[in-house]
Amino acid sequence: MRYGQPSIPAVLDRLKAEGIRRVVVVPLYPQYSASTTLSTRDAVCAWRKNNDAAPEIVEVEEFHRDAGYIAALGQGVLDHWMKSGRPDRLLMSFHGIPKRAVARGDPYESQCRRTAELLAADLNLPTDSWRLTFQSRFGAAEWLQPYTQPTLEQLGREGVKCVDVMCPGFPADCLETLEEINMECREAFLAAGGGEFRYIPCLNERPDWIAALTNLALDRLASTA
């Protein structure tokens with residue numbers, strides 16, 4: 001865990017003690033951002049500076065357009081639709097970052113948009129049937145737009161009968177998906193006059209996603225052999 005246990009240094013200590021010679025670090029942020037991916041790299045680099053004879057570290061920087069990742073996202077949507085039917089709108093909500101970060105060269109926004117475009121193409125979605133939004137905004141600065149909750153409130157006012165919301169930038173469900181999206185945004189959509197709100201779970205432990213994650217690590221190892 002980047003901000004929890006087991007921590008990055010603790011796990012690297014254990015791997016070093018076991019005699020591991022090469023370690024693949026896969027930050028579970030599909031879209032690269034200095035605020036997330038780079039913080040993981042910084043933690044790994046800080047550990048290496050304080051450890052002699054440390055294992056060789058290779059890293060997967062991002063996987064926003066990886067075929068296995070996109071296919072797993074798409075199949076998760078299709079599995080949901082097989083059980084519940086298609087909605088009037090599909091919302092793809094990504095974690096936001098301050099707009100000034102993008103102005104300084106952070107590739108996060110463009111990678112989020114590329115992921116959304118690839119997923120829409122994989123699902124063969126008409127352009128008017130889905131939207132990309134950004135969630136988890138805080139502070140006074142302007143963040144990436146459109147914002148998720150105001151978008152859902154607008155859809156509610158428009159009388160949209162059924163909306164599906166997913167979070168492709170989160171490989172695993174957490175407070176920002178289960179509480180912010182599936183509870184707070186659900187309430188906002190319904191209060192604005194919307195019909196049915198359905199949350200599509202993150203990839204979590206889906207076998208196709210675990211296979212894609214495995215391939216990401218193996219491919220990175222092979223490329224540095």
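**Two helix crossings**

Me: Is the crossing in which helix 1 passes helix 2 left-handed or right-handed?
Reply: Helix 1 passes helix 2 in a crossing (left-handed if the near helix is turned anticlockwise from the far one by less than a right angle, right-handed if clockwise) that is right-handed. The model is predicted, so local features need pLDDT of at least 70 and side-chain atom pairs count only at pLDDT 80 or more, while totals for chains, interfaces and linings use all residues. Residues are numbered from 1 along each chain as its sequence is written, and side-chain values use heavy atoms, with hydrogens and water left out. Helices are DSSP runs (H or I, at least four residues) numbered from the N terminus, and the sense in which helix 1 passes helix 2 is right-handed.

Me: How are helix 1 and helix 2 oriented to each other?
Reply: The axes, lines fitted to C-alpha atoms over the stretch in contact, lie 10 Å apart for helix 1 and helix 2. The packing angle, on a scale from 0 to 180 degrees between N-to-C directions, is about 45° for this pair. Angles under 35 degrees count as roughly parallel, over 145 as roughly antiparallel, 65 to 115 as roughly perpendicular and the rest as oblique. Helix 1 and helix 2 are therefore oblique.

Me: How many nonpolar residues has the contact of helix 1 with helix 2?
Reply: In this contact (heavy atoms within 4.5 Å), helix 1 supplies Ile-8, Pro-9, Leu-12, Asp-13 and Lys-16, which meet Thr-40, Ala-43, Val-44 and Trp-47 of helix 2. Ala, Val, Leu, Ile, Met, Phe, Trp, Tyr, Cys and Pro count as nonpolar, Asp, Glu, Lys and Arg as charged, and the others, Gly among them, as polar. By class, there are two charged residues and one polar, and the nonpolar residues number six.

Me: How is helix 3 oriented to helix 5?
Reply: Helix 5 spans residues 108-123, and its axis and that of helix 3 come within 9 Å. The two axes cross at roughly 55°. That angle makes helix 3, relative to helix 5, oblique.

Me: Is the crossing of helix 3 and helix 5 left-handed or right-handed?
Reply: The two helices have their axes within 9 Å where they cross. The sense of the crossing of helix 3 and helix 5 is right-handed.

Me: How many charged residues has the contact of helix 3 with helix 5?
Reply: From helix 3, Tyr-69, Ile-70, Leu-73, Gly-74, Val-77, Leu-78 and Trp-81 take part. They meet Thr-115, Leu-118, Leu-119, Asp-122 and Leu-123 in helix 5. Nine residues of the contact are nonpolar and two are polar, and the number of charged residues is one.
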